[in-house]
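Biologist: I am new to this structure. Please take a close look at one part of it, the place where two neighbouring helices meet, and set it in the context of the whole chain.

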Amino acid sequence: MRKLKDQASLIYKFFLENEAALLIVLDACNWHALSSLKPDWNISVVLSRGSSTRDWLRRTFTKPLKDVVYISANPFTFLLKDVRKNFKRIVDLSLLTWDEKLNTVHPKSVNAFVKENITAGERKIIAHYLQPHAPFLIKTWLNRYSKKLSSLEIYNLARRFENARKEFVRAYILNLIVVLRYAEELIGFARKDMRVALTADHSEILRARYNPFKFRKKVWLWLPWLLGLYKFIGHEINSKFRELYEVPWIVF
């Protein structure tokens with residue numbers, strides 16, 4: 001098994017070594033998918049400390065970054081009090097710009113707030129998009145199963161039905177294409193005066209598989225996994241799948 005650099009250490013080093021720095025975070029970004037869409041990017045693979053946003057935030061930002069403004073579309077950034085205290089300020093876009101129709105925060109809102117903060121003089125910023133994580137910005141029948149702030153319904157469908165798995169992967173890739181357009185726009189805006197890096201909080205499993213780590217005491221609860229009727233896709237908290245911890249790291 002190859003040894004990868006620790007993403008958290010790279011993040012702290014990135015902000016320490018640069019007087020003006022922008023870190024872009026794509027939520028649940030699979031580095032294989034990103035590499036296939038951006039073969040010209042010099043993508044390194046590094047090791048995240050979480051397989052979901054919640055455990056990533058808690059295990060990554062353990063020391064103060066008091067000169068960094070965290071602009072996030074992901075609700076967990078604001079909810080975790082022990083993480084919030086380590087930043088200069090957190091801008092919670094899930095409270096300010098949540099799109100009820102799309103059931104997510106559109107990446108254009110992230111760009112608008114980041115540009116506003118850069119123009120106002122902020123020199124160190126984390127910009128956390130909610131994409132390519134579901135719910136999806138593109139048209140897909142999966143979106144109507146997502147309610148409130150949760151996309152669990154989408155994952156559950158994709159784990160139970162083959163047609164939903166195929167649609168999930170299709171929608172995910174298209175969602176990644178959409179958010180990359182906004183990320184590239186932001187990179188172009190910021191890199192004149194700032195060092196820019198791009199990464200992900202965790203990855204996303206797109207090739208459905210049996211999950212041997214989901215131990216179930218009753219046979220009828222794990223039998224569907226063995227029969228191939230239920231396959232794992234997406235991500236989960238504290239997963240044992242190494243693939244979910246392998247994320248991209250690009251410095252522009």
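**The chain and one helix contact**

Modeller: Of the 252 residues in the protein chain, 56% are buried; the model is a predicted one. The chain's secondary structure consists of 10 helices and nine strands. Its exposed surface comes to about 12300 Å², with 55% supplied by carbon and sulfur atoms. Counting contacts between residues at least 6 apart in sequence, 73% join residues at least 24 apart.

Now to the two helices. Helix α8 covers residues 152–160 and helix α9 covers residues 162–190; their axes come within 5 Å and cross at roughly 125 degrees. Because angles from 65 to 115 degrees count as roughly perpendicular and those over 145 as roughly antiparallel, this crossing makes α8 oblique to α9. On the α8 side, the contact is made by Ile154, Tyr155, Leu157, Ala158, Arg159 and Arg160. Helix α9 contributes Glu162, Ala164, Arg165 and Phe168. Sorted by class, the contact has six nonpolar and four charged residues, and no polar ones.

Helix α9 also matters for the next topic, the nonpolar cores. The largest nonpolar core has 75 residues, and Leu22 and Phe61 have the most contacts inside it. To this core α9 gives the most, with 12 residues. Leaving aside residues up to four places away in sequence, Phe61 touches Ile11, Tyr12, Trp56, Tyr70, Val83, Asn86, Phe87 and Ile126. A second core, separate from this one, has five residues, among them Ile205, Phe241, Leu244 and Tyr245.

Note on methods
Residues are numbered from 1 along each chain as its sequence is written. This is a predicted model: local features need pLDDT of at least 70, side-chain atom pairs count only at pLDDT 80 or more; totals for chains, interfaces and linings use all residues. Side-chain values use heavy atoms; hydrogens and water are left out. Axes are lines fitted to C-alpha atoms, for helices over the stretch in contact, and angles run from 0 to 180 degrees between N-to-C directions. Helices (H or I, at least four residues) and strands (E, at least two) are DSSP runs, numbered from the N terminus. Angles under 35 degrees count as roughly parallel, over 145 as roughly antiparallel, 65 to 115 as roughly perpendicular and the rest as oblique. Contact means heavy atoms within 4.5 Å. Ala, Val, Leu, Ile, Met, Phe, Trp, Tyr, Cys and Pro count as nonpolar, Asp, Glu, Lys and Arg as charged, and the others, Gly among them, as polar. A nonpolar core is a set of buried Ala, Val, Leu, Ile, Met, Phe, Trp, Tyr and Cys residues joined through side-chain atoms within 4.5 Å. Buried means under 20% relative accessible area, exposed over 50%, partly exposed in between (1.4 Å probe, protein chains only). Accessible areas come from the Shrake-Rupley method with a 1.4 Å probe; for residues, only the protein chains shown count as cover.
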